[in-house]
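Please work through the exercises below with the structure open beside you, trying each task before reading its solution.

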Amino acid sequence: MADVKRIAITGAAGQIGYSLLPRLAAGAVFGPETPVILQCLEIPPALGALGGVAMELMDCAFDLLEDIVISDDPRTAFAGADLALLVGSKPRGKGMERGDLIRENGPIFTGQGNALSEVAHPQCRVVVVGNPCNTNCLIALNNAPNLDPKNFSAMTRLDHNRALAQLAEKAGRHSSEVRNVTIWGNHSNTQYPDFHYATIDGKPATEVIADEAWLRDPFIKTVQERGKAIIEARGLSSAMSAANAAIAHSRLLFQGTPEGEWTSMAVVSDGSYGVPEGLVSSFPVRCPGDGSWEIVQDLSFNEWGKERFEITVNELIGERDMVKDLLPG
Ligand code: NAD
Ligand code: LMR
């Protein structure tokens, strides 16, 4: 057996938490040889519900689950954490955009960034799910002076999976045969789901789906608006697919991306592709499997793609301006 890993989950009594916790406890991120301790954070009114979730986790009698911590104190929940999944925050409702949550949810990530910086494992990987996730991640990493900004990322794997699924359906293939789509920019309806380097069964997606008009419009819009479509249909925001994407994102960080493949992840920009340094933007990234990532370089945009890319990056610049007061220095 490997050393135990501590996984902190905020908003653990919420919808995503309910789908996420059993998979974490079953070893979906660190593998079947690594025991885990789940350190769950909630706000005081949700501690009762969280207690019920903890009872259920106990009743699953997971082989790998060593302990469950429940708390409303971030310093308790983040203590020694190897991985922190920052989910806890308000989801949007019908008729809202994710950016509408920025002033309500943003402040959560100042205190949590601080607490992570003080008590988490110095190599803790922090994955931000709560919306608007790129900018919440920007806030968290800027409030965590003891942690490397490269240890933070925000989740665009759900958009990535949505793109894989749409391309697979159109091509009449299985989603596992689709590789190397890229989500650029913001986890919002300006995101640019890029199909130009995608392959289906090893062939360019643009050849397998020889329908540029579909790729440029219905495909992109479906991926951009999928979260809204789910809210309209379910009355609640995506949770099972979001938890699944959070698992995939974290597993890729710790187990690595397969040879020749990349994933989409919002990470702090080093200036790649002209994204202003310090902004948290979604890029194509490769993960060697040690918790680190590198941005895939040397992809190019055509004029049409460049325009879409710039729209989403400009939105991120605007979001950063809206939370300037939450960014120290
Ligand atoms: P939910 O309302 O079901 O659960 C959120 C939980 O967070 C609640 O239990 C609440 O008590 C808790 N919470 C609120 N403030 C907190 C704080 N300061 N500390 C700890 N816990 C806190 O919502 P959900 O459906 O689980 O969604 C959670 C977040 O994830 C939302 O912001 C949603 O928009 C976002 N989301 C992101 C993606 C993505 O792809 N990045 C996908 C789906 C949902
Ligand atoms: C999603 O993409 O499903 C989530 O970000 C929830 C939302 O608000 O769309």
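Contact, as the word is used here, means that heavy atoms lie within 4.5 Å. The model is a predicted one, and every value below is computed from it.

**Exercise 1. Describe helix α12 by its length, its buried residues and its packing partners.**

Begin with the extent of the helix: α12 covers residues 303-322, which makes 20 residues. From its first C-alpha to its last it reaches 29 Å, and this is close to the 28 Å expected at 1.5 Å a residue.

Next, look for the residues with under 20% relative accessible area, since that is the cut-off for calling a residue buried. In α12 these are W304, G305, F309, T312, V313, L316 and E319.

A general point helps in reading such a list: an α-helix has 3.6 residues a turn, so residues three or four places apart point the same way.

Finally, ask what the buried residues of α12 touch. They pack against the helices α4 (102-105), α6 and α9 (212-224), and also against the strands β8 (182-184), β9 (192-194) and β13 (280-286).

**Exercise 2. Decide whether helix α6 is enclosed or open to the outside, and find what precedes it.**

Count the buried residues in α6, which runs over residues 133-142: nine of its ten residues are buried, so the helix is largely enclosed by the rest of the structure. The buried ones are C133, N134, T135, N136, C137, L138, I139, A140 and L141.

Then step back along the chain to P132, which is found in the loop between β5 (125-128) and α6. The peptide bond that joins N131 and P132 is cis, with an omega of about -5°.

**Exercise 3. Explain how the domains are arranged and where the largest cavity lies with respect to them.**

The chain is divided into domain 1 (5-154) and domain 2 (157-322). Their centres, taken over C-alpha atoms, are separated by 23 Å, and the contact takes 39 residues from domain 1 and 46 residues from domain 2.

Now turn to enclosed space, for which a search of the whole structure finds one cavity of 30 Å³ or more. The largest cavity has a volume of about 40 Å³ and is lined by R92, G93, K94, G95, M96, K228, I231 and E232. By class, these lining residues divide into two nonpolar, two polar and four charged.

The last step combines the two parts: because domain 1 and domain 2 both give residues to the lining of the largest cavity, it lies between them.

**Exercise 4. Characterise the largest pocket and the second largest pocket by volume and lining.**

Start with the largest pocket, whose volume is about 750 Å³. Of the 36 residues that line it, V87, G88, S89, K90 and P91 are the closest to its centre. The elements that give two or more residues to this lining are α1 (15-25), α5 (108-119), α7 (157-171) and α10 (226-234), and the largest share, three residues, comes from α1. The lining of the largest pocket divides into 14 nonpolar, 16 polar and six charged residues, and it draws at least three residues from each of domain 1 and domain 2.

Continue with the second largest pocket, which holds about 320 Å³ of space. Its lining has 19 residues, of which R157, N161, L164, V178 and E261 lie nearest its centre. Two or more lining residues come from each of α7, β7 (178-179) and α11 (240-255). By class, the lining of the second largest pocket has six nonpolar, eight polar and five charged residues.

**Exercise 5. Examine the loop residues Q191, N180 and D298, and say of each whether it is buried or exposed.**

Take Q191, which is found in the loop between β8 and β9. With a relative accessible area of 0%, Q191 is buried. Leaving aside neighbours within four places in sequence, Q191 is in contact with D159, I183, W184, N186, V223, Q224 and T312; T312 has already appeared among the buried residues of α12.

Move on to N180, in the loop between β7 and β8. N180 has a positive phi of about 60° although it is not a glycine, and at 10% relative accessibility it counts as buried.

Close with D298, whose place is in the loop between β14 (294-295) and α12. D298 likewise is not a glycine, yet has a positive phi, of about 70°; at 73% relative accessibility, D298 counts as exposed.

Methods
Residues numbered from 1 in each chain as written. Chains lettered and ligands numbered in written order. Predicted model: local features only at pLDDT ≥ 70, side-chain atom pairs only at ≥ 80, totals over all residues. Heavy atoms only, no water. 1 Å grid on protein atoms, 1.4 Å probe; cavity = no way out; pocket = protein on both sides within 12 Å on 5 of 7 lines; lining within 4 Å. Points joined across faces, edges and corners; volume = space filled by probe spheres on them. Helix = DSSP H or I, 4+ residues; strand = E, 2+ residues; numbered from the N terminus. Nonpolar A, V, L, I, M, F, W, Y, C, P; charged D, E, K, R; others polar. Domains from an automatic or database assignment. Buried < 20%, exposed > 50% of the residue type's maximum accessible area, 1.4 Å probe, protein only. Expected span 1.5 Å × (residues − 1).
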